[in-house]
Amino acid sequence: METKLFTPGKIGPVELRNRTIRSAAFEGMGKNNGPTEMLRDYHVSVARGGVGMTTLAYAGICRSALSFTTQLWLRPEIVEPLRDITDRIHAEGAKASIQIGHCGNMTHRSTAGGTPVGVSTGFNLYSPTFVRGLRKDELKQLARDFGTAVNTARDAGFDCVEVHSGHGYLISQFLSPYTNHRRDEFGGDLHKRMTFMKMCLEEVMKAAGSDMGVLVKTNMRDGFKGGLELEECLEVAKEIERAGVHALVLSGGFVSKAPMYVMRGQMPIYSMTHYMKELWLKYGVRLAGKYMIRKSPFKELYFLEDARLFRKELSLPLVYVGGVVSRDNAETVLDKENFDFIQMGRALLNEPDFVNRMRDEESHRCGCDHVNYCIARMYSKEMACHHHCKDLTPAIEREIEKIKRQNAKWENELAE
């Protein structure tokens, strides 16, 4: 049977050469909130490796949106170096997208330029920091900032933007009853909790016009008791569809409550803390990390069961992400389950030429073993696969082997 995998596909006005997209997995390759040669070279390698579109991750729409100095702040000052990246991606035959968003309460004063802001006033244990609830006038400006970010992305040569409305960042914080405790028109029932998201998407679609593709990443579940569940997330997705966006990326999880629900597996706590510079944070996470970052068994195509319901209920193009590690996985999602595109993160970090290798080898499977070392180090250093790192300490290697054994155990249990 002929596969859809290597056929062109459209996201709004933008046509991709095939159905593969590099997901907006945070690279940690920026410097002073701007791009670097390392960031450029990585995305160009993925484009050269055959992907239909590659996505630069997690660009803040304004100063308060930033969580890290290694994260992009999408502003006019970095348009020229970003244009260099998009020109080189285009030269390899791929399209270029950039994820835009606001971190909400997941930051610190020194990075955000002031007291971190979020949907509601409180204390964020996971940063840790005090958080100030946003005023109504600030929400209007933030919505406009989303639109401005689209125009800046266009100036930088991007074909698409991906609006991040999942994973417990600001838009997601408004949607979730776990974080939204407001008593005004932005809080309460789900209809009111969607108000800020609708404001942002209105500005995005207005700025996108007829030449920019717009994707939105949204949760199918928050991944913990007290967060959004499937039925409410489906209502959110339907509202996003009504906003006229061109494609929906189906994900799940909450960085401050259920981070491993996003990626599955377990976090290598020792590896994570090995690269931390602040001693109080290093040893605090070593003591409490396994309780704060709970493991969640990895399996291939781990979001597929939930995603099927969204495919049944929605008509806009849907992008599947989560556990695509082989050509067989990709064809299952696209041909059998009728999704329109697939997104991949860890597979393309392990093998930037994964798409070309799938094209050349019908049974190809990437070498990612899902120990999440790449995730553990990306908040302190650039994201990198342990297979490509030559400076692993014996303790880190032992932790990796231990997690491999745990993954094998989960795989056997799932097979029984």
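Lys-409 sits in helix α17. Helices here are DSSP runs of H or I with at least four residues, strands are runs of E with at least two, and both are numbered from the N terminus. Lys-409 is partly exposed, at a relative accessible area of 48%. Buried means under 20% relative accessible area, exposed means over 50%, and partly exposed lies in between (1.4 Å probe, protein chains only).

This is a predicted model, where local features need pLDDT of at least 70, side-chain atom pairs count only at pLDDT 80 or more, and totals for chains, interfaces and linings use all residues. Residues are numbered from 1 along each chain as its sequence is written, and side-chain values use heavy atoms, without hydrogens and water.

**Overall build**

The protein has 17 helices and 13 strands. Its C-alpha atoms fill a box of roughly 55 × 50 × 45 Å along the principal axes. The radius of gyration is 20 Å, which agrees with the value near 22 Å for a compact globule of 416 residues. That radius is taken over C-alpha atoms, and the globule rule is 2.2 Å times the number of residues to the power 0.38. Of the 416 residues, 62% count as buried.

**Surface patches**

Lys-409 belongs to a positive surface patch, together with Lys-290, Lys-295, Lys-402 and Arg-405. Helix α17, residues 394-415, gives the most to this patch, with three residues.

A nonpolar surface patch of about 370 Å² is made by Phe-123, Leu-125 and Phe-130. Leu-125 lies in the loop between β7 (122-124) and β8 (129-133). It is exposed, at 54% relative accessibility.

Patch residues have over 30% relative accessible area and no salt bridge; like charges are joined within 9 Å, and nonpolar side chains (Val, Leu, Ile, Met, Phe, Trp, Tyr) within 5 Å. A salt bridge puts a side-chain nitrogen of Lys or Arg within 4 Å of a carboxyl oxygen of Asp or Glu.

**Two positive phi angles**

Which residues have a positive phi although they are not glycines? Tyr-58 is one of them, and Asn-372 is another.

| Residue | Phi | Place | Relative accessible area |
|---|---|---|---|
| Tyr-58 | about 50° | strand β4 (residues 53-60) | 6% |
| Asn-372 | about 65° | loop between α15 (354-360) and α16 (373-377) | 2% |

Tyr-58 counts as buried, at 6%. Asn-372 is buried too, at 2%.

Key:
Areas by Shrake-Rupley, 256 points an atom, 1.4 Å probe, with all protein chains shown as cover. Lys, Arg positive; Asp, Glu negative; His and termini not counted. Charge placed at Lys NZ, Arg CZ, Asp CG, Glu CD.
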